[in-house]
Amino acid sequence: MARLIYRQDSTALHIRLTRRHIRLCGQVKGGALYAQAIQPKLDKLLQKTQALSAAEEIAENSYDDLILKDAELDDGVRTLFERSRQYDRENRSNVSVLLFPDLTFSDIVNMPYSEELKKVSSLTQKLETLEASHELRPLAGTLQQKIDGVNAVLDARTQAADAIRRCKIDEELAKNEVRVQYEANYLDARKTLGRQTAESLFPKFAKRRVKTEKEDINPETEE
């Protein structure tokens, strides 16, 4: 009996067996009808598989962008800390204490993304309380740009994750259509063409065979 396609089979196996089935149908008299019945469903599965691959690529790209934008935000925090400490030394002030009560930035840059964004936003708010002419005041705008960059990438990642979920559902539905038609082709071919001809329309799994001692010899080293 032909090996049917099962729900637990991978997408790759769905595609491979169906492609081989279509090819065999083109070589056996009476098989063209079955190739025509399943080809559109295979095409649809290939389309959904490509869409999923594209969505996963976007998600990977957005992750790379997130790492990059977060590093830029971390550097912005480091710069603010260093600049505020330098300003205090040169002007005998306590701006750094206002901005960083614990006189450290490491706890901020090591926070989860959502918490870090809130913390850095509070830094920009503190900077905006300084006089408009204060030399550190422009850093508020710089930090806000970096915050916006991280937020934009986080939004892109959320959209990419949603797209992947939708694509996986679409792929599963397409796989089911292929699977159902594959079995329908087999059952109808047995009834219409007979068992032997029907079996010839469907690919078989190659059986492993034991190699002989001579076959195991590497031709390049055989004397």
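**Exercise 1. Determine the order of the secondary-structure elements in this predicted model, and decide how the radius of gyration of the chain stands against the globule rule.**

Solution. Reading from the N terminus, the elements run α-α-α-α-α-α-α, which corresponds to seven helices and zero strands. The next step is to take the radius of gyration, which is 32 Å, and to set it beside the 17 Å that the globule rule gives for 223 residues; the former is well over the latter, so the chain is more spread out than a compact globule. The box filled by the C-alpha atoms, taken along the principal axes, is roughly 95 × 55 × 20 Å. As for burial, 34% of the 223 residues count as buried, while the accessible surface comes to about 14,300 Å², with 49% of it belonging to carbon and sulfur atoms. Finally, when contacts between residues at least 6 apart in sequence are considered, 68% of them join residues at least 24 apart.

**Exercise 2. Compare the end-to-end distance of helix H2 with the span expected from its number of residues, and locate its bend.**

Solution. Helix H2 covers residues 32–91, that is, 60 residues, and at 1.5 Å a residue the expected span, which counts one residue less than the total, is 88 Å; the end C-alpha atoms are 87 Å apart, which agrees. The helix nevertheless bends by about 30 degrees at isoleucine 38, and proline 40 follows within four residues of that position.

**Exercise 3. Is leucine 66 buried or exposed, and which residues does it contact beyond its neighbours in sequence?**

Solution. Leucine 66 is placed in helix H2. Its relative accessible area is 2%, and because the cut-off for burial is under 20%, leucine 66 is buried. Setting aside neighbours within four places in sequence, the contacts of leucine 66 are Tyr113, Val150, Val153, Leu154 and Arg157. Glutamine 39 lies 27 residues from leucine 66 along the chain, and the C-alpha atoms of the two are separated by 41 Å.

**Exercise 4. Examine the phi values of arginine 92 and leucine 103, and classify the accessibility of each residue.**

Solution. Most residues other than glycine have a negative phi, which is the background for this step. Arginine 92, which comes just after H2, has a phi near 50 degrees, a positive value. Arginine 92 is found in the loop between H2 and helix H3 (95–99), and its relative accessibility of 80% makes it count as exposed. Leucine 103 likewise has a positive phi, near 55 degrees, and lies in the loop between H3 and helix H4 (106–109); at 37% relative accessibility, however, leucine 103 counts as partly exposed.

**Exercise 5. Describe the surroundings of serine 200 in helix H7.**

Solution. Helix H7 comprises residues 195–200, and serine 200 belongs to it. With a relative accessibility of 33%, serine 200 counts as partly exposed. Histidine 21 is 179 residues away along the chain, yet the C-alpha atoms of serine 200 and histidine 21 are separated by 9.1 Å. Leaving out residues up to four places away in sequence, serine 200 touches Leu24 and Val28.

**Exercise 6. Identify a stretch whose coordinates call for caution.**

Solution. The chain as a whole has a mean pLDDT of 92, and 92% of its residues reach 70 or more. Over residues 212–223, by contrast, the pLDDT is below 50, and this stretch has five contacts in the model beyond near neighbours in sequence. Where pLDDT is low, the predicted coordinates should not be read in detail.

Definitions and conventions: Residues numbered from 1 in each chain as written. Predicted model: local features only at pLDDT ≥ 70, side-chain atom pairs only at ≥ 80, totals over all residues. Heavy atoms only, no water. Helix = DSSP H or I, 4+ residues; strand = E, 2+ residues; numbered from the N terminus. Bend = angle between axes of the 7 residues up to and from the residue. Rg over C-alpha atoms; globule rule 2.2 N^0.38 Å. Buried < 20%, exposed > 50% of the residue type's maximum accessible area, 1.4 Å probe, protein only. Contact = heavy atoms within 4.5 Å. Areas by Shrake-Rupley, 256 points an atom, 1.4 Å probe, with all protein chains shown as cover. pLDDT = per-residue confidence, 0-100.
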